[in-house]
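Reader: Got a minute to go through this one with me? Put it up and we'll talk it over.

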Amino acid sequence: MNKILIITHTGDNFSIDKVTEYIDKNGCEVIRFNVDEYPLKNKLSTTFQDGEWTTKLETPEKEYRLDDISAVWYRRAYNIGQGVKDELDTKFYGAAMGEIRTTLFGFLESVDVYSLGKPSVYRRLDSKEEQLKIADKIGFKIPATCVTNNPDKAKKFIVKHKDVVAKMQTGFAIYEDGIENVVFTNVVNEDKLEELDTLLYCPMQFQQKIEKQKELRITVVGRDIYAFEIDSQQSEAAKTDWRKDGVNLIDKWIPTQLPQDIEVKILELLDVYHVDYGAIDMIVSPEDEYYFIEINAAGEFFWLDNLTEQNQISKSIADLLCDKAPRRNNMVLA
């Protein structure tokens, strides 16, 4: 029986269960590695001796052999090393966490089987600048963009384009009294130019504001494209960033059909990155022009999966992992 390794954490949502259900139907076995339980509860060991490589994962329930798995789904790596801080002297904590991460990610990079996602892939796709440059070369429309920490450059860009949105390039959040405050996309106009002087300390991405007929969330799994649209302008809070009112809009997404040329470009984008999963955000203007905004290597899909018949996105992921669907080969020694 083929074994599929899923890298996730104990707090992940039910999408793991759906994909696991389809993997079981495909006759494969799932091994779940919760990284927040590593290293205090889960132990990972790789050994080379007598001409053979072996890797063992020991969980509180069972020991698994990982050198003979057939595929990996690198889904999430949240809260690695949870609890370690409480066990170590403060002066050792940073160094220990560095070793923990390096060991875990080193293992994931070295696995010589098909991987749906890798740490190195996620790091590359963190570059919003590269995304936009590739999208532009492929032929997508993209908004006028300025990435800078120079207040004067940002001010000139805003004056030129009038309505501009400002966004962070990461999952930027500010923590106050233990509460996470996510920094969403916001409109910046000429009235706020004086507030940009602090840009010197933290670069931001500025883009021409595109008027929205609708917003698209497109989940791509291998060669399968699942496109959904939403009228984000129906909510005052969501007009600039639909995530601000995401909970109230969660059941208002509807399946949509993309123009064929947009589908071709989307598949070409994944070919360039050599990945089999991507969550793409696009804007459709009132003039029916499709603007590429970004692609997320591990974007969430569960709420859209529930809008498909029998969770088809989960099925596509399981079929890829079980080698029952065309996939882009990314084995280390292929």
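Author: One term up front: helices and strands here are DSSP runs, numbered from the N terminus, with at least four residues for a helix and at least two for a strand. Also, this is a predicted model.

Reader: Fine. Where does Thr59 lie, then?

Author: In a loop. Thr59 sits between strand 4 (52-58) and strand 5 (63-65).

Reader: Does Thr59 count as buried or exposed, and why?

Author: Buried. The cut-off is under 20% relative accessible area. Thr59 has 14% relative accessibility, so it counts as buried.

Reader: What is Thr59 in contact with, leaving aside neighbours within four places in sequence?

Author: Lys41, Asn42 and Tyr64. There is also a C-alpha separation to mention: Thr59 and Glu37 are 8.7 Å apart, with their positions 22 residues apart along the chain.

Reader: Step back a bit. How many helices and strands are in the protein chain?

Author: Ten helices and 18 strands. The chain has 334 residues, and 47% of them are buried.

Reader: And the contacts between residues at least 6 apart in sequence: what share joins residues at least 24 apart?

Author: 69% of them.

Reader: Sheets next. What is the strand order in the open sheet of four strands?

Author: The order is 2-1-6-7, and the pairing is parallel. Strand 2 (29-34) and strand 7 (114-116) are the edges, each pairing on one side only. From one strand to the next, the twist averages 20°.

Reader: How many bridges between strand 1 and strand 2?

Author: Six, in the parallel sense, with strand 1 covering residues 3-8. Ile7 stands opposite Phe33 of strand 2.

Reader: Which strands does helix 1 touch?

Author: Helix 1 (residues 15-25) packs on the sheet and touches strand 1, strand 2 and strand 6 (71-74). The direction of helix 1 makes about 175° with that of strand 1. Helix 10 (residues 312-321) packs on the sheet too, touching strand 1, strand 6 and strand 7. Its direction makes about 160° with that of strand 7.

Reader: At what angle do helix 1 and helix 10 pack?

Author: About 55°, with the axes 8 Å apart. That angle makes helix 1 oblique to helix 10. The crossing is right-handed.

Reader: Which residues meet there?

Author: From helix 1, Ser15, Lys18, Val19, Tyr22 and Ile23. From helix 10, Gln312, Ser314, Lys315, Ile317, Ala318 and Leu321.

Reader: Another helix pair: how do helix 5 and helix 8 cross?

Author: At roughly 130°, and their axes come within 10 Å. Helix 5 covers residues 128-138 and helix 8 covers residues 260-273. The two are therefore oblique to each other. Helix 5 passes helix 8 in a right-handed crossing.

Reader: Who makes the contact?

Author: Glu130, Gln131, Ile134 and Ile138 on helix 5. On helix 8, Lys265, Glu268, Leu269, Val272 and Tyr273.

Reader: Switching to strand 14. How many of its residues are buried?

Author: Eight of eight, across residues 214-221. Both faces are covered. Lys214, Leu216, Ile218 and Val220 are on one side, with Glu215, Arg217, Thr219 and Val221 on the other.

Reader: How many bridges join strand 14 to strand 17?

Author: Eight, running antiparallel, with strand 17 at residues 277-284. Ile218 has Ile280 as its bridge partner there. Strand 14 also pairs with strand 15 (residues 224-230), antiparallel, over seven bridges. In that pairing, Glu215 is partnered with Ile230.

Reader: What about the hairpin of strand 14 and strand 15: which residue takes a positive phi?

Author: Gly222, near 65°. The hairpin has two residues between the strands.

Reader: Last topic, the largest nonpolar core. Which residues have the most contacts inside it?

Author: Leu5, Leu66, Leu104, Ile218 and Ile280, in a core of 51 residues. A second, separate core has 27 residues, among them Ile4, Val30, Tyr226 and Phe228.

Reader: And what does Leu5 touch, not counting residues up to four places away in sequence?

Author: Ile31, Phe33, Leu66, Ile69, Ala71, Val72, Trp73 and Phe107.

Key: Residues are numbered from 1 along each chain as its sequence is written. This is a predicted model: local features need pLDDT of at least 70, side-chain atom pairs count only at pLDDT 80 or more; totals for chains, interfaces and linings use all residues. Side-chain values use heavy atoms; hydrogens and water are left out. A nonpolar core is a set of buried Ala, Val, Leu, Ile, Met, Phe, Trp, Tyr and Cys residues joined through side-chain atoms within 4.5 Å. Buried means under 20% relative accessible area, exposed over 50%, partly exposed in between (1.4 Å probe, protein chains only). Contact means heavy atoms within 4.5 Å. Two strands pair if DSSP finds at least two bridges between them. Axes are lines fitted to C-alpha atoms, for helices over the stretch in contact, and angles run from 0 to 180 degrees between N-to-C directions. Angles under 35 degrees count as roughly parallel, over 145 as roughly antiparallel, 65 to 115 as roughly perpendicular and the rest as oblique. A crossing is left-handed if the near helix is turned anticlockwise from the far one by less than a right angle, and right-handed if clockwise.
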